[in-house]
Amino acid sequence: MDIPIKYDPKSVEKRIYHHWMKGHYFFSLPGNKDPYTILMPPPNITGILHIGHILNNTIQDVLIRYARMKGYNPCWIPGMDHASIATEAKVVHQLKEKGLSKILIGRDKFLSHVSEWSDKHKNIILNQLKKLGCSCDWNRIQFTMDNKLSKSVTKVFIDLYDKGYIYRGYRVVNWDPEAKTTISDEEVFYREQKGKLFYIKYPIEGEKYFVTIATTRPETMFGDTAICFHPDDNRYFHLKGKYARIPIINRLIPIIQDSYVDPYFGSGCLKITPAHDINDKAIADTYHLDIIDIFNENATINEKGLHYQGMDRFEVRKNIIKELSSLGLLAKVDNFNHKIGLSERTKTVVEQKLSLQWFLKMKKMSVPAIEAVKNGDIQFYPSRFKKIYFQWMDKIRDWNISRQLWWGHRIPVYYYGNSKNDFVVAENLEQALIKAKMKSHNPHLNYDKIKQEPDVLDTWFSSWILPMSVFDGILHPHNQEISYYYPTEDLVTGSDILFFWVARMIMAGFFFRKKKPFNKVYFTGIVRDDKNQKISKSLNNSPNPVDLIEKYGADAVRMGIMLRASAGKDFHFEENICLQGRNFSNKIWNAFRLIQSWDIEEKNQDFPEASKKAIIWFENRFYHVLEIFEKYFHQYKFDESLMILYKLIWNDFCSWFLEIIKPVSGKCISKPVYSNTIKWFENVLKLLHPYMPFLSEEIWNLLKKRTREEALIISSWPKKKSYNQNVLVSFDRAVQIISQIRSIRNKINIPYKKSLVLFYLKEGVEKEYHSIILKLANLSQIIHVLKKPKKEQFFSFFLGTDKYFLSLDIKSSYKNYKKMDIIHIEKKIQYFYNLLSMIRNNLSNNKYVRSVPKEILLKEKKKESDTLKRIAYLEEFLTKKNTD
């Protein structure tokens, strides 16, 4: 077999992925096996994937490949999200560069441009996921604007409206002036900013004095409808029942009292602007104040701003301060640090704006969703995210589900008259006309008089029902697929969408199916760049994953990122982690090449003693590692499970096992030793496969010819077996002896070819591994003696309190070694004194002694006793050394 010297991921990965696709290994249908279902958090169709997506999808692929090998019927559903705001913003920008606008070309042509964009980027994303090795069922690709999912969204809206959960109302909402749409609270992020606090004088009607108001936003004064102070603030008691005049526009507004006002902030008086502050709106509702909206959709001032009409809000701020100053109505200006809200998508400063929107009542829905997490029916990894979940859910508000966009699921509401209640909710125009005729009692109503709501639904309104809609569980709630695959098993997602998506899916699951949507939620950490910024498309700070895969290989990228990924913990991405993955790939490939290079002596059925011991040891070591691996894996500690596997392959298999069993140069390997080597290599490849699928499958197929049914991807996962801990302890001691001998050779330049003799005083547990020590340390003999050999001819070393002597009759080398040996012993004595000090500090601490369990206290006392013995032994030995 002509095996390449270097592993070439480019040539392997495309071929192996084609092999998997051709074999239909990713395909899933309801069957007799237990299902294992994962729903991919659908990436937005706004460009290429970033490193955060690579992490998320690698974890999902690791889980799905593991489940496949464990005998489940795995179903991983890929998909993409239409991402209303982000996608529309991208296409609007694209049109702007061509001198076009969405208003100019109209809704239909604009949506045609968006569809073209989405088709292009859907294919880009799918190809990236395949390059990464994702073993999704590609027959089940879901796009949130697909017909089935769209119909599901419409049905859910109608059902919720009919049950009284959806309503239309005027509310102060978050308004994105660039996207010209409302956004949810969760789509607003806050940033500390240096600003100004302006103290403005409002003249008191009929008086010669003023009341001073402190505000960061003087431009909103055109929307003021009251001035408010705290009822207990005696400074302003004389203003009760009076009116103030708004500067510049000279409109009179009442002066009221409410305990909401903080008397210690600013001047202690608050201007009430109900159309642009949610708390001011609550005060306005209580005191029946006027509500005046002063902003246009793009955050310019409307006609209520007099001569400032049409001017940008921040320009107005600058100019209005100049005007107030010239009128003598600006008392002072203070520097003031405060937080401003920005749109997550457009990074524009968000306005609070009174708007007529559609809302979904959430409080009642949240009750079973809270209980499911509280009682452990749904588990979070790490569990600390439960606290954040409960905090959000306890203060949940009605969900503003409408967006002033064209791209998305259009709200299924149809208007037919002039009254605010002249509308119907229906699946389509035909149904709407029937309902409208009935509601209006007008049998002559026709299609020309009916207009559909122009707004679309919040993107998350389609995403929150995905665990059901992807299996057609909304339109056909009793079909075979939803009954078999739902609830899904694991959800892998970022903690930043805990409320956006996770919480809402839980609420939807219980509301529509009376069942949780998934069993467990694994929260990835946020991947950050070298400036500690979150890696995201909007910041354009992610390396291109395709470039990384081209450079290092998909397995190397997967492994590098998984070694750094710990549940819920952020980490900084550096390209050198991919280099570590590539080095590991090369190590495994070289091990494979070494094994394939051996000539097999078919008739030789011998088991050399060293090889026999190595096989017994590695079998025990494998099952020990398998036990720990599975423990970590089921605790979602994927980084730790991979690290123990990394050490098993690099250290145990490559550095020790293969070195022990490899034949002497020019010799053949016996058939049984070779067969056992292949057996354990195959078992190692099975453990490796979920993490590094391409390399493991390639080597698997090169080791021997396989049928379709024998592919690694569908091979059975190794079953746990008992192991002998004593074998592992004994072998570990033998390894320490070999390492000590190698260290001595290196320190004093003894050639490896020079054979040595090892003497030992005390019978050790490592005796059964003498054949291995002889081979790997290149010893001619290992001899048990009753007393210390003649000192001039030996180098000594310790394992614990046991002493070994290595023969060598070069006196100059011996003197050098003796000097280093004394320094080594002195360091060891100092180490044990430091350890003794820490132990005694604990034992002299009454609080510690009272609080720890009795068995731990006894262990500490025994540790103290053992440490004292070691110190005494080493000091006595050092004294003898110095006198020799």
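# Reading sheets, pockets and a proline

Visitor: Let's begin with β9 and β11: in which sense do they pair, and over how many bridges?
Guide: One caution before the answer: we're looking at a predicted model. As for the general idea, strands of a sheet pair through backbone hydrogen bonds, and the pairing is either parallel or antiparallel. Here, β9 (residues 226–229) and β11 (residues 252–257) pair in the parallel sense, over 3 bridges. To find a spot to look at, take F229, whose bridge partner in β11 is Q257.

Visitor: And how does β10 run against β11?
Guide: Antiparallel: β10 (residues 243–245) is joined to β11 by 3 bridges. Y243 is a good landmark, as it stands opposite P254 in β11. β10 and β11 form a hairpin with 6 residues between the strands, and I248 takes a positive phi there, near 75°.

Visitor: Now the sheet with β7 in it. What is the strand order?
Guide: The order is β8-β7-β13, an open sheet of 3 strands with antiparallel pairing. When you read an open sheet, look for the edges. Here β8 (210–215) and β13 (330–343) each have a single partner strand, so one side of each has no neighbour in the sheet. From one strand to the next, the twist averages 20°.

Visitor: How many bridges join β7 to each partner?
Guide: β7 (residues 188–203) pairs with β13 over 13 bridges, in the antiparallel sense. With β8 it's 6 bridges, and the two strands run antiparallel. On the β13 side, Y190 stands opposite G341 and K194 stands opposite N337. On the β8 side, I200 has I213 as its bridge partner.

Visitor: If I walk along a strand like that, where should the side chains go?
Guide: In a regular strand they alternate between the two faces of the sheet. Try it on β7, residues 188–203, with the structure in front of you. Past the end of that strand comes the hairpin of β7 and β8, with 6 residues between the strands, where G206 takes a positive phi near 80°.

Visitor: Which strand gives the most to the lining of the second largest pocket?
Guide: β7 again, with 7 residues. For a pocket, I'd go through the volume, the lining and its chemistry in turn. The space in this one is about 1200 Å³. Its lining has 40 residues, and T216, R217, H276, D277 and H338 lie nearest the centre. The elements giving two or more residues to that lining are β7, β8, β12 (269–272), α7 (278–287), α8 (313–326), β13 and β14 (351–360). By class, you get 17 nonpolar, 13 polar and 10 charged residues.

Visitor: What about cavities: how many are there of 30 Å³ or more?
Guide: The idea to keep in mind is that a pocket is open, while a probe in a cavity cannot get out. The count here comes to 1 cavity of 30 Å³ or more. The largest cavity has a volume of about 40 Å³. Its lining includes L39, M40, I77, F143 and L466. Two elements, β3 (79–80) and β4 (142–143), give two or more residues to that lining. By class it has 8 nonpolar, 3 polar and no charged residues.

Visitor: Further along there's a sheet with β28 in it. What is its order, and how is it paired?
Guide: It's an open sheet of 4 strands, β29-β28-β31-β30, and the pairing is mixed. At the edges are β29 (779–784) and β30 (794–799), each pairing on one side only. Neighbouring strands here are turned by 20° against each other on average, direction ignored. In the β28 and β31 pair, 3 bridges join residues 756–760 to residues 802–807, running antiparallel. There, F759 stands opposite F805.

Visitor: Which strands does α23 lie across?
Guide: β28, β29, β30 and β31; the helix (residues 725–747) runs at about 145° to β30.

Visitor: Last one: P543. Where is it, and is it buried or exposed?
Guide: Place a residue by its element, then its exposure, then its contacts. P543 sits in the loop between β24 (527–528) and α16 (545–552). It falls between your two words: partly exposed, with a relative accessible area of 28%. The cut-offs behind that are under 20% for buried and over 50% for exposed. Leaving out residues up to four places away in sequence, P543 touches I51, L548 and F573. Y165, by contrast, is 378 residues away along the chain, with 44 Å between its C-alpha atom and that of P543.

Conventions
Residues are numbered from 1 along each chain as its sequence is written. This is a predicted model: local features need pLDDT of at least 70, side-chain atom pairs count only at pLDDT 80 or more; totals for chains, interfaces and linings use all residues. Side-chain values use heavy atoms; hydrogens and water are left out. Two strands pair if DSSP finds at least two bridges between them. Axes are lines fitted to C-alpha atoms, for helices over the stretch in contact, and angles run from 0 to 180 degrees between N-to-C directions. Buried means under 20% relative accessible area, exposed over 50%, partly exposed in between (1.4 Å probe, protein chains only). Contact means heavy atoms within 4.5 Å. On a 1 Å grid over the protein atoms alone, a cavity is a set of points where a 1.4 Å probe fits but cannot get out, and a pocket is an open set with protein on both sides within 12 Å along at least five of seven lines; lining residues have an atom within 4 Å of a point. Grid points are joined across faces, edges and corners, and a volume is the space filled by probe spheres set on the points. Ala, Val, Leu, Ile, Met, Phe, Trp, Tyr, Cys and Pro count as nonpolar, Asp, Glu, Lys and Arg as charged, and the others, Gly among them, as polar.
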